[in-house]
Amino acid sequence: MSLKQLTRQQQNLAGYFFLAQTILVLGIFVILPILSAVFLSLQKVQLLGGIEYEFVGFRNFRQLIEDERVWIALKNTAEYVMIVVPSQTILALFLAVTLNSGIRGKSWWRVLLFLPTVTSSAVLTLIFMWIYNTNGLLNDFLSAVGFPTYNWLGDPNVALKAIMIMNIWSTAPFFMVIYLAGLQDIPKSLYEAAELDGANGWHKFIHITVPMLNPVTFFVVAMGIIGTFQLFDQSYIFSKGTGGPNNATLTVVLLIYQAVFRNLQMGYAAAIAFLLAAVIITITLIQRRLFGGEKN
Amino acid sequence: MNIRLNKINSLVWLKILLYLALALYAIITLIPFLWALSASFKPLAEIVAGKPNFLPNNFTLDNYKQIFIEEPLFLRWFFNSVIIAISVTILNLLFNSMAGYALARLKFRGRRFWFFLILAVLAVPIQVTLIPTFLILKTFGWLNSYQGMIIPNMVNATFIFMMRQFFVNFPKELEEAAALDGLTTFGIFRHIVLPLAKPALAAQAVFIFMSSWNNFLLPVVILFDPEMFTLPLGLNSFKGQYISYWNYIMAASMVFTLPALAIYAFFNRYFIQSVSFTGTKQ
């Protein structure tokens, strides 16, 4: 009531006083960059002392199509998304359902399983590189059980898969917690009714848990897609920024980084960034269609 | 009778199976950490000998001593990360809740527009804004600086949205009573609203601190003076220098990880809350 007693002007003043910092920061570091990314993508940018721009129209975008490394990066990233997103989602769901099945010490398990999610990607990547290393734990283990050892890091066929395994392992617990929260919202009466009808655990899981979690799954898959398409830290550390061996760990974001800081092609880098944004938004929209939209 | 016994029996087996599966997964989770921790206490010779022993045969603290001697910037990186993460967290808490509160409660011209804009910002991948942000920071002379790391990150659209949802469901009566007592809008926000928002703030704080602490993409682009590196960047450059000295690298990794783990262990409850928050309220 009394909030309304403020005059219109006072209300406006208060509103903008509260929003000022947000408008300023989003304006300078989000809106302005988006506009200037559009500008950059149509320019050839020369970084020689100062910055010089030359309008080139859509040449950067044409260059995208002809650039073999763009296709390699897209292929690597797509492969990564298609394997990591379903794996981490299913693993997260199973972990959440297991933790939710009346197990003792639920919060302790949760703390323990959550460890990789709070550890920095830099540290995780180094630990895994060392496990995969020629003298690492994986080879020690293989030779202990009588298998031949292998140079995992040097093989282009293995490098990306090594990063996949690491990321499924480190991201699944994050989504597990989201699923756990979703599980609390499923009414118990549904399960009781199903039990009266003689449903077993598996039936309840398939016919109640999974459909009831559909909105959560939509969110988990959407977050997963957005996150995996932006793979950078791990590839960068793994390959010292090169995307090697033999372009096997080259991702779209790593390509953007290289275009800016190795080849000094800012305009071209902006064009790749728009390609990435377009891919992510398109796939998110398709996913929304497939899931029949969010039920909020 | 028999059927019931059977059922109970199979339930017990199922339980055991569940515990076994969880224990197995917990081991898979822990092994890389324990293995890294154990290596940080081993001399290099023992690490490359190729015997997977978890307990070091020749226990040593030399690796930890050595990294501080070999890399004098170690403490500096730690300090940089702490300054940046703490500033980013405090500013986010203040500004995100102010913005969220305004969008939820204050009736001003253009509210719908700003709300829509903040929602739209959520959909833009950071890579699009990265290069222009680099150029803008360069223009300001903020490359290799704390403000370059802090100011672009001092508000967060996701958490503005989360705070708005929180305040929309907030009971209005207290604020109205405070307004009758003559408090200003900011006074109400500061003395009535913020204290009651503590759970949402705590959840947000842990989340923002962790993502700032572990951030790699922005620092790798805007920090190139080793003095200004944050921990993840420092660790990466350390790895470049000591390529096969895994004993040092693992000791360094442990030094970098322990503070984050301590904070996580301490605030675990809030962290889990914040994950559930971002998950279900979006």
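**How two chains meet and fold**

Biologist: What makes a residue count as part of the contact between chain A and chain B, and how many residues does the contact take from each?

Modeller: The contact takes 76 residues from chain A and 74 residues from chain B. Two residues are in contact if their C-beta atoms, placed from the backbone, lie within 7 Å. Please keep in mind that this is a predicted model, where local features need pLDDT of at least 70, side-chain atom pairs count only at pLDDT 80 or more, and totals for chains, interfaces and linings use all residues. Residues are numbered from 1 along each chain as its sequence is written, while chains are lettered from A and ligands numbered from 1 in the order in which they are written.

Biologist: Which helix gives the largest share of the side of chain A that touches chain B?

Modeller: That is helix α1 (residues 8-41) of chain A, with 20 residues. A helix here is a DSSP run of H or I with at least four residues, a strand is a run of E with at least two, and both are numbered from the N terminus. By class, this side of chain A has 56 nonpolar, 16 polar and four charged residues. Ala, Val, Leu, Ile, Met, Phe, Trp, Tyr, Cys and Pro count as nonpolar, Asp, Glu, Lys and Arg as charged, and the others, Gly among them, as polar.

Biologist: How many helices and strands does each chain have?

Modeller: Chain B has 14 helices and zero strands. Chain A comes to 13 helices and two strands.

Biologist: Why is chain A called more spread out than a compact globule?

Modeller: Its radius of gyration is 24 Å, well over the 19 Å that the globule rule gives for 296 residues, so chain A is more spread out than a compact globule. The radius is taken over C-alpha atoms, and the rule is 2.2 Å times the number of residues to the power 0.38. The C-alpha atoms of chain A fill a box of roughly 80 × 75 × 35 Å, taken along the principal axes.

Biologist: And what leads to that conclusion for chain B?

Modeller: For chain B the radius of gyration is 25 Å, well over the 19 Å given by the rule for 282 residues, so this chain too is more spread out than a compact globule.

Biologist: Which domains is chain B divided into?

Modeller: Domain 1 (2-60) and domain 2 (65-280), with bounds from an automatic or database domain assignment. Their centres, taken over C-alpha atoms, are separated by 34 Å. The contact between them takes eight residues from domain 1 of chain B and seven residues from domain 2 of chain B.

Biologist: Why is B:Ile222 called buried?

Modeller: A residue is buried if 20 or more other C-beta atoms, placed from the backbone, lie within 10 Å of its own, exposed if 12 or fewer, and partly exposed in between. B:Ile222 has 20 C-beta neighbours inside 10 Å, so it counts as buried. B:Ile222 lies in helix α12 (residues 217-222) of chain B. Leaving aside neighbours within four places in sequence, B:Ile222 is in contact with B:Phe134, B:Leu137, B:Leu143 and B:Gly148.

Biologist: What share of each chain is buried?

Modeller: Buried residues make up 42% of the 282 residues in chain B and 41% of the 296 residues in chain A.

Biologist: How do you know that the span of helix α13 of chain A is close to the expected one?

Modeller: This helix (residues 266-290) has 25 residues and reaches 36 Å from its first C-alpha to its last, close to the 36 Å expected. The expected span is 1.5 Å times one less than the number of residues.
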